[in-house]
Amino acid sequence: MKENWVEQKVKKFSLIGGYKKPELYQDILKLDSNENYVIPKQFQSELFSIARKNSDVREYPLGGVENLIQAISKFVKIPSTMIGVGNGSDQILDLILSNFASKETKVLTSNPTFGFFEERCKLYSIPVTAIPFSKTMVLDVEEFLKQSKNADILYLDSPNNPTGFQFSKIDLQKLVKSFNGLVMIDEAYGEFGDYSLSSMVKDQKNLVVIQTLSKSFGLAGLRLGYFIANKEFTAAFNQVLQYPYPLSTITIESGILALEKPSQMKDAVNTIKQERKRIIENLRKYDSFEVFDSKANFVLFDAYGSYQRVYSALIEQGISIRKLGKIGNHEGCLRVTIGTKEMNSKFLLAIRDLLR
Ligand SMILES: Cc1ncc(COP(=O)(O)O)c(C=O)c1O
């Protein structure tokens, strides 16, 4: 029997595969999703109990997003008319892509880049040019400047997931200024890096800077992302593209409270940066690995032919990291999230035992 169009569509979607989440393990040290455990669970629990008291979930959160945007505006020191929010930055990326891009729109990005973004481009059949990282896991800005002439959308995660690379500020500014199409700079890991491009938005009409509370604020489960862009883009996004009530009341109230007390976040970011240095230095002691620099809350390393063994041995020790495999010429890439000091020490001890 001939397939009808619904069946054809479903088949097409199932062939795409979608974003691969990490394995779900019970009772495991979770260093596979770039979450932030340095902020204590107790701190977040107290925040939620106040948020719960401030919430009446019988009602739609009318005016809630607007209040949250005011809190973000104070935090980032950018006018509220230039800020929009989403159900995680995932949803912001998706809404921009699905509404601005099509089969005729060319996207320029890096290879690798954020997996969810790649998958969304596949889903919408958007043609992508991806410039590969070098052997030392850095990007060549000249190559981007050359290729950018043929592109409509430039997407860069800055710092990049999974490499941890961030362009120098001067290079990225140069690239953004030279680009005529839409520029999406994803700063999910921005607080762990050297700079943000958010202040550039004031003069650069085609620039959208996307940020999130998932990483630095340790609120991945809250699903709260935001962006900074010019007033006209922001108004169109907020009034037309975004859903009327994209965030739950609890998310809005918790987000406001978190943004009002950023010192906990800043301390956690400092700890993570110090721990990142310790992990890189320690892993570099082993000839069995090539370890790349990182400006994010994770470290990428190539364990060559033994990456499967390293991954499985860590699982046996109750530690889950991200198995990525081949990236460019690097056969056995693994990515480890920077956890608390204790978590990181356990990880390093397990590696030492494994390689002894
Ligand atoms: C580069 C990048 N952008 C965006 C996200 C998604 O963040 P959110 O939790 O805000 O959806 C991630 C999450 O891993 C990421 O790595």
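In strand β8, Y226 is the residue that stands opposite Q211, and that pairing is a handy way into this predicted model. The domain assignment divides the protein into domain 1 (5-41 + 264-355) and domain 2 (55-260). There are two open sheets to get to know, one with seven strands and one with five, along with a ligand surrounded by 13 residues. The points below go through them topic by topic.

**The seven-stranded sheet**

- Strands β7 and β8 are joined by four bridges and pair in the antiparallel sense.
- Both belong to an open sheet whose seven strands follow the order β2-β8-β7-β6-β5-β3-β4, and the pairing in this sheet is mixed.
- The edges are taken by β2 (83-87) and β4 (128-132); each has a single partner strand, so one side of each is left without a neighbour in the sheet.
- Ignoring direction, neighbouring strands here are turned against each other by 25 degrees on average.
- Helix α3 (residues 64-76) lies across β2 and β8, and its direction runs at about 120 degrees to β2.

**The loop between β7 and β8**

- If you follow the chain from β7 (207-212) towards β8 (224-228), you will find A220 in the loop between them.
- A220 counts as partly exposed because it has 16 C-beta neighbours inside 10 Å, where 20 or more would make a residue buried and 12 or fewer would make it exposed.
- Setting aside neighbours within four places in sequence, the contacts of A220 are E35 and S214.
- S214 is also one of the closest residues to the ligand.
- From A220 to N4 the C-alpha to C-alpha distance is 40 Å, with their positions 216 residues apart in sequence.

**Around the ligand**

- The shell around the ligand has 13 residues, and the closest are G88, S89, A188, T212 and S214.
- Helix α4 (residues 88-100) gives the most to this shell, contributing three residues.
- By character, the shell divides into seven polar, three nonpolar and three charged residues.

**The five-stranded sheet**

- This open sheet is ordered β1-β11-β12-β10-β9, again with mixed pairing.
- At its edges stand β1 (29-31) and β9 (290-291), each with a single partner strand, so one side of each is left without a neighbour in the sheet.
- β1 and β11 (residues 319-327) run parallel and are joined by three bridges, with L29 standing opposite I319 in β11.
- Helix α11 (residues 307-316) packs on the sheet and touches β11 and β12, its direction making about 170 degrees with that of β11.
- β11 and β12 are antiparallel partners over four bridges, and within β12 it is L334 that stands opposite K323.
- The hairpin of β11 and β12 has two residues between the strands, and G328 takes a positive phi near 60 degrees there.
- On the β10 side, five bridges join β10 to β12, and these two strands run antiparallel; F298 stands opposite T337 in β12.
- How covered is β12? Seven of its eight residues are buried, so to speak of β12 as mostly covered is fair.

**Helix α10 and one of its residues**

- Helix α10 (residues 263-283) lies across β9, β10 (298-302) and β12 (330-337), and runs at about 15 degrees to β10.
- E281 is found in this helix, α10.
- Is E281 buried or exposed? E281 counts as exposed, because it has 10 C-beta neighbours inside 10 Å.
- E281 and R335 are 54 residues apart in sequence, while their C-alpha atoms are 15 Å apart in space.

**Where the two domains meet**

- The centres of domain 1 and domain 2, taken over C-alpha atoms, are separated by 23 Å.
- The contact between the domains takes 27 residues from domain 1 and 26 residues from domain 2.
- On the side of domain 1 that touches domain 2, the elements giving two or more residues are α10, β10 and β11.
- Which element gives the largest share of that side? Helix α10 does, with five residues.
- The residues on that side of domain 1 divide into 14 nonpolar, seven polar and six charged.

Conventions
Residues are numbered from 1 along each chain as its sequence is written. This is a predicted model: local features need pLDDT of at least 70, side-chain atom pairs count only at pLDDT 80 or more; totals for chains, interfaces and linings use all residues. Two strands pair if DSSP finds at least two bridges between them. Two residues are in contact if their C-beta atoms, placed from the backbone, lie within 7 Å. Axes are lines fitted to C-alpha atoms, for helices over the stretch in contact, and angles run from 0 to 180 degrees between N-to-C directions. Domain bounds come from an automatic or database domain assignment. Ala, Val, Leu, Ile, Met, Phe, Trp, Tyr, Cys and Pro count as nonpolar, Asp, Glu, Lys and Arg as charged, and the others, Gly among them, as polar. A residue is near a molecule or strand if its C-beta atom, placed from the backbone, lies within 6 Å of it.
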